[in-house]
Amino acid sequence: MSLIAYLLLPALVLVIFYARKRARQKLDAEFLAVLRAFPIEEYELLVDKVTTPSTNKSAEVYRIVRDSQGHYFIYMNTGRSAGVLQPLSEERALRDVRANS
């Protein structure tokens, strides 16, 4: 009986890591799709806060980006809703970067 427990525990850990990796890949793909719709090809992530979904939390993404032209944007995605990309002033973006670092 204990042999089964020793085999199931690593399998459970692998399943959890796999699920979290897939969730993160999905969130990143949605983020890139929103950037391309703007169209932003090159960007720098200034703030990257991601909470992958779990049994008691929904997925949350909070990112501040600067594009290659020096424009700042905030990207937010909570739960199952579509992500939103909003322009930010440089002052607001840098203030948020300082607050989140």
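Which helix does P10 lie in? P10 lies in helix α1, and the first view starts there. Before you zoom in, note that this is a predicted model, where local features need pLDDT of at least 70, side-chain atom pairs count only at pLDDT 80 or more, and totals for chains, interfaces and linings use all residues. Residues are numbered from 1 along each chain as its sequence is written, and side-chain values use heavy atoms, with hydrogens and water left out.

**View 1. Helix α1 and P10.**
Helix α1 covers residues 2–37. Helices here are DSSP runs of H or I with at least four residues, strands are runs of E with at least two, and both are numbered from the N terminus. With its 36 residues, α1 reaches 53 Å from its first C-alpha to its last, close to the 52 Å expected at 1.5 Å a residue. That expected span is 1.5 Å times one less than the number of residues in the helix. P10 is partly exposed, at 43% relative accessible area. Here is the scale for such words: buried is under 20% relative accessible area, exposed is over 50%, and partly exposed is in between (1.4 Å probe, protein chains only). P10 and Y62 are 52 residues apart along the chain, and 32 Å separates their C-alpha atoms.

**View 2. A nonpolar patch on the surface.**
Look for L9, L12, V13, I16 and F17, which make a nonpolar surface patch of about 490 Å². To join a patch, a residue needs over 30% relative accessible area and no salt bridge; nonpolar side chains (Val, Leu, Ile, Met, Phe, Trp, Tyr) are joined within 5 Å, and like charges within 9 Å. The areas come from the Shrake-Rupley method with a 1.4 Å probe, and for residues only the protein chains shown count as cover. I16, one of the patch members, sits in helix α1. I16 is partly exposed, with a relative accessible area of 44%.

**View 3. The buried residues of α1.**
Which residues of α1 are buried? They are A23, L27, F31, V34 and L35. These buried residues pack against β1, β2, β3 (72–78) and β4 (84–88).

**View 4. A cis bond after the helix.**
F38 and P39 are joined by a cis peptide bond, with omega at about -15°. P39 has its place in the loop between α1 and β1. For background, most peptide bonds are trans.

**View 5. T52 in its loop.**
Is T52 buried or exposed? T52 is buried, at 11% relative accessible area. You'll find T52 in the loop between β1 (43–51) and β2 (60–67). Leaving aside residues up to four places away in sequence, T52 touches R20, R24 and A59; contact means heavy atoms within 4.5 Å. The side chains of T52 and R20 also share a polar contact of 3.1 Å. A polar contact is a pair of N or O atoms within 3.5 Å; within protein, one must be able to donate a hydrogen and the other to accept it, and residues adjacent in sequence count only if both atoms are side-chain atoms.

**View 6. Salt bridges.**
The structure holds 6 salt bridges, each a side-chain nitrogen of Lys or Arg within 4 Å of a carboxyl oxygen of Asp or Glu. One of them pairs R24 with D28, with the closest N and O atoms 3.4 Å apart. R24 and D28 are 4 residues apart in helix α1, which means about one helical turn separates them. Both residues are partly exposed: R24 has a relative accessible area of 31% and D28 has 25%. R63 and D48 form another bridge, their closest N and O atoms being 2.6 Å apart. R63 lies in strand β2 and D48 in strand β1, so this pair ties together parts that are 15 residues apart in sequence. R63 is buried at 2% relative accessible area, whereas D48 is partly exposed at 36%.

**View 7. Helix α2 and its end.**
A salt bridge links D96 and R92, with the closest N and O atoms 3.1 Å apart. D96 and R92 both lie in helix α2, 4 residues apart, about one turn of the helix. D96 is buried at 10% relative accessibility, but R92 is partly exposed at 36%. Looking back at View 6, salt bridges that share partners join R24, D28, D48 and R63 into one network. Helix α2 (residues 90–99) also holds A99, which is exposed with a relative accessible area of 62%. A99 and Y6 are 93 residues apart in sequence, and 44 Å apart in space from C-alpha to C-alpha.
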